[in-house]
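Me: I am new to this structure and would like a friendly tour. Could you show it to me before we talk it through?

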2 protein chains.
Amino acid sequence: MSIAASPTTLDADALRRWLDGEHRQIREQVRERLSGMDLAQADGITRAEYRELVLRWATELGREGQTALGFPRKYGGEANVAGSIASFETLAHGDLSLLVKCGVQFGLFGGAILQLGTERHHDEYLRAVIDVSIPGCFAMSESAHGSDVQNVHTTATYDATTQEFVVHTPHDGAHKEWIGNAADHGRVAVVFAQLITDDTAHGVHALVVPIRDETGAPAPGVRIEDCGDKMGLQGVDNGRLWFDRVRVPRAALLDRFASVSEDGTYSSPIENPDRRFFTMLGTLVQGRVSVGGAAISVSKNALTIAVRHGLRRRQFTAPSGEEILLLDYRTHQRRLLPLLARTYALHAAQEQLVVALDHAFGDDDVGDLARRELESHAAGLKALSTWHATATVQACREACGGLGYLAENRFAALKADSDVFTTFEGDNTVLLQLVGKSLLTGYKHQFGDLDPLGMVGFVASQVFHDVVEKTAVRQVVQTLADVVPRGDDDSELLDREEQLLLLRYRAEHVLASVARRLKRGIDDGHDAFEVFRACQDHVLAAATAYIQSVIGEAFAARVATCEDTDVELALDRLCDLHLLHTIESDRAWYMEHGRLSPSRSKTLTRTVNRLLNEVRADAGQLVDAFAIPDTVLRAPIGVKDPQPAHPTV
Amino acid sequence: MSIAASPTTLDADALRRWLDGEHRQIREQVRERLSGMDLAQADGITRAEYRELVLRWATELGREGQTALGFPRKYGGEANVAGSIASFETLAHGDLSLLVKCGVQFGLFGGAILQLGTERHHDEYLRAVIDVSIPGCFAMSESAHGSDVQNVHTTATYDATTQEFVVHTPHDGAHKEWIGNAADHGRVAVVFAQLITDDTAHGVHALVVPIRDETGAPAPGVRIEDCGDKMGLQGVDNGRLWFDRVRVPRAALLDRFASVSEDGTYSSPIENPDRRFFTMLGTLVQGRVSVGGAAISVSKNALTIAVRHGLRRRQFTAPSGEEILLLDYRTHQRRLLPLLARTYALHAAQEQLVVALDHAFGDDDVGDLARRELESHAAGLKALSTWHATATVQACREACGGLGYLAENRFAALKADSDVFTTFEGDNTVLLQLVGKSLLTGYKHQFGDLDPLGMVGFVASQVFHDVVEKTAVRQVVQTLADVVPRGDDDSELLDREEQLLLLRYRAEHVLASVARRLKRGIDDGHDAFEVFRACQDHVLAAATAYIQSVIGEAFAARVATCEDTDVELALDRLCDLHLLHTIESDRAWYMEHGRLSPSRSKTLTRTVNRLLNEVRADAGQLVDAFAIPDTVLRAPIGVKDPQPAHPTV
């Protein structure tokens, strides 16, 4: 019955190499760079000073080239998308305002120029993006249309007489909102607007619009407002933009996917306007992948602090006379260790996603299905990783008690700065709806337009009927049902294949059942819109179950590639904990669907408890392997080798 | 299948009267006082300025008498404990630094003088407590002993030659930590220390110790350090205290429960030192009740903002051409409305608890069992209310998207300031352990000493065996099992009695099963300490289930007293939602224990969804009834009657 475990001899360095993976060198460079940065400069300064500090930091990084990895070699980059994400993920261990500033400048602004523009735009802007000589904005969201970006109201109307576009904010709700780099530093903005030629609307397109002149004053016709104080990320200058008939040359249109000729003739290689819009959005999938990766890094910071504290802090006296380590309490293990296991799982899934993204970038011919799967995985993993970060930071703060509430121990900043991750680059709920739709269509539909209208039309369509009636969904579920053990089977819960089958079975079954429910609603003559609304949470459940299955598979596959026996053993235990804890969290569903008997469900909980105890023995090394330098972590209670300020007698 | 509902004609004022209950006048006074306070003065000022502002506010309130309600009439109070808590709860809608400052001065410091001291202490200090002419501290927690306060290391050694106590910090880990009012304003502190006379230790006692002189400089032998920046509550001056053989007169001992004569003879009406310590702690139960109440108020603020935003903000277009209100989305309802229902349930449970507390204060002869039940409910409700607040503020922030991240919409402050509620006045995990122990002993043991050692001794004792073998626990479970429907019974889920029976059955069953598990562990010869550790999360589950049952009963009982038919109907729906959502959250357990069949479990989820839709129709009035003035709520997106800044076209 012993639940206290002795530390193992697991080699944290070997584990770190496994985590660092292919981009080890890049990660090491960024860790070293961060640890020499004196991040404490940001403490206790004013918002204005913080913004200037962050601009200075970002400019230094830009000029050193570290943040340019993803750009073409021609402009000083290395055309290494996966490496640039590894770099970004590692940067996320440090100051999150700096991270987001870099994300805005190099990822969103630079990414839009690179992905939506053509060579003349690249030649004109990319060097200035990289060395931050032109700080820029990505102006998509509007006040009244945050998530529903296909319906932004800003217009860009072509005037053939002057060969200019007129960019205009038609009403106050159409101003650009939350735009990073807008309040202070931005010189130009990539503005998303409804493109109009000859009174014909062509949907949302992106144009480069100057917003400030050389002196820093707003450009003529541009009004700028500061978003003001935020919960966190105070080093980022978010602002609002209004355009009053601002004229930009015809060449300002980022024209990779659509162009307007001198006489105002509109043309695009993509005929369907929805498809065109989501193709444009799809090229920006890197932003979501980056945010998801950053969220995983934030979780690593929080866990490093809380686990180390739990391995040092003692409270209450055992019969032996010795006070007890927090992490030897079962409740403390329950609080922290499943989150640690899940962080490893997300790390593996993120790594797999980055490989897929890199592949898609390198290969224009990657199939539509593969591209949609990539977009879907990016959306879903972003949602689950960012929610995980929010939950993890909170649990770790509480696990450190009052010490966790002191600003010096960093949870204050981690919480406040990362909280918006669940909202920006796509609200998590909206993203999971997109995933749900992709699944329902078997990726046969373009990604993205899961506004209710699109969804309702789709549900009522023949395509959808065909999907439900004929596609693999139903067959897969039946096939799986034949191999996934019934609930009363007392087979081994630690069988990896069985664990994964349970996750897959749930994903497929929830999907099939929401599909049938949607279809039945329509068939029974209910209003299609009401059918959608009644099933919305079910669609999200299907998406979540699917992404959880993807994460589980990725972790299991990545563990299997480990070449160090001791490390593999530790990872294997951690993977068991992750998978079984995921199943335990959904055990009600498995019982409802006959895949767990009540008694096996109780066995499952006992098994998770036993695994907690085993993983606790590795806990120190598992966080050491995250390799966050003490000078970057900056939490007195979380440093690797503390100088005890208040020794306990 | 319609899930969109029309607003009802529910009268928010009638609902407000039901919520305000007996202390309506006090609540209205505080709301009015707060709304005239210009709380925005606290925005954007330095930490030092904020602390001075909060001291000024607290002093003003103190001099007006509002914060003195709970003190004896002799010193300017009204001896109205329940009223003073209603006042504190209402104050919690405003600035939380002010609230905590008041809690420290009037509740902890003043409460300790009142409850642990005798008439001479009252005469000397209470007027100065009330008018804040002596700001004071409650110095209990130490750096190395936060939760384990029975084992603090500070000593108070009696020196009969001078008739003084020598207060001393024997090592650095024994310094007082997190002490409110210590860093800047405190003049004296109630210090908890191990009392020693003639080399004999008598356990922890409280003494009044001056910490600053008239000029504000630290008193001789006292060292003070500022805790510095915190996640929130920056208007409260938390600090650290070290005592270097500080001498205070014999009269400094707060001697209601123990005294030391001139010659150093120790005497106490309570012989057992453990019992004495927990009697002293028990008199401070009001602090936990107050924090729990404040957490419920914080939840009300957050929900008022998010629900109103959800009833105004539209996103994505329906087939009708109209954009859809956020609160008409099922996922949005799932996020917010169960939290709203639970807030009402906690409100009712808190009201019941305050009545019990008031009764205990008014009646010294309240029995031991009743007192222990009160302490247990206070601990448990504090834990669940504060966790609820943390979860609610987070869900509401996310439900408001980017707007929720702007500081002006208040979630930043609500989150940062209330986050520590789960830790202070007893860490929630530790508090639930205390509840678990009370339950295991049938309240026959004194409350409080659930350190592992105490627990282990208890588990191995004959008393415990008797409890498990003979007490009501087992019988109650059997009796309940006869009346709670089996899982396959298709009886009505909306039957109130059945809902409550399910909650009670779970509470009793989990308790009985952890008791048997503990006993079996001992009987099988396992080390008692390991048995405790292995079962710790199970003990917490028992405590949580019990408190959930208490909350459910309180809400149902309070709904039944409603005299307005329309209001009762609305509350009845809300109570259904709360109870069924609680059962739904634990449906895995009910299936594991044969009280829900898989198909009935699915029916349960459908019923909750239907209730969400019904409650959504009342949502506006349900938050209006919280009656938080716009000038106190201070969130542009959450005000009752907004001037639209950005009208949607």
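Me: Which residues does A:Leu207 touch, not counting residues up to four places away in sequence?

Reply: Happy to help! This is a predicted model, where local features need pLDDT of at least 70, side-chain atom pairs count only at pLDDT 80 or more, and totals for chains, interfaces and linings use all residues. Residues are numbered from 1 along each chain as its sequence is written, and chains are lettered from A and ligands numbered from 1 in the order in which they are written. With contact meaning C-beta atoms, placed from the backbone, within 7 Å, A:Leu207 touches A:Ala156, A:Phe165, A:Val167, A:Val191, A:Ala193, A:Val248, A:Ala252, A:Leu253 and A:Leu254.

Me: How many residues has the largest nonpolar core?

Reply: Such a core is a set of buried Ala, Val, Leu, Ile, Met, Phe, Trp, Tyr and Cys residues joined through C-beta atoms within 7 Å; buried means 20 or more other C-beta atoms within 10 Å of a residue's own, with C-beta atoms placed from the backbone. A:Val190, A:Leu207, B:Val190 and B:Leu207 have the most contacts inside the largest one. Its residue count is 424.

Me: Which strands stand at the edges of the open sheet of chain A with the order β4-β8-β7?

Reply: Strands are DSSP runs (E, at least two residues), numbered from the N terminus, and two of them pair if DSSP finds at least two bridges between them. In this antiparallel sheet of 3 strands, β7 is joined to β8 (residues 239–243) by 5 bridges, and A:Ile224 stands opposite A:Leu241. Each edge strand has a single partner, so one side is left without a neighbour in the sheet: these are β4 (176–179) and β7 (222–226) of chain A.

Notes:
Helices (H or I, at least four residues) and strands (E, at least two) are DSSP runs, numbered from the N terminus. A residue is buried if 20 or more other C-beta atoms lie within 10 Å of its own, exposed if 12 or fewer, and partly exposed in between; C-beta atoms are placed from the backbone. Two residues are in contact if their C-beta atoms, placed from the backbone, lie within 7 Å.
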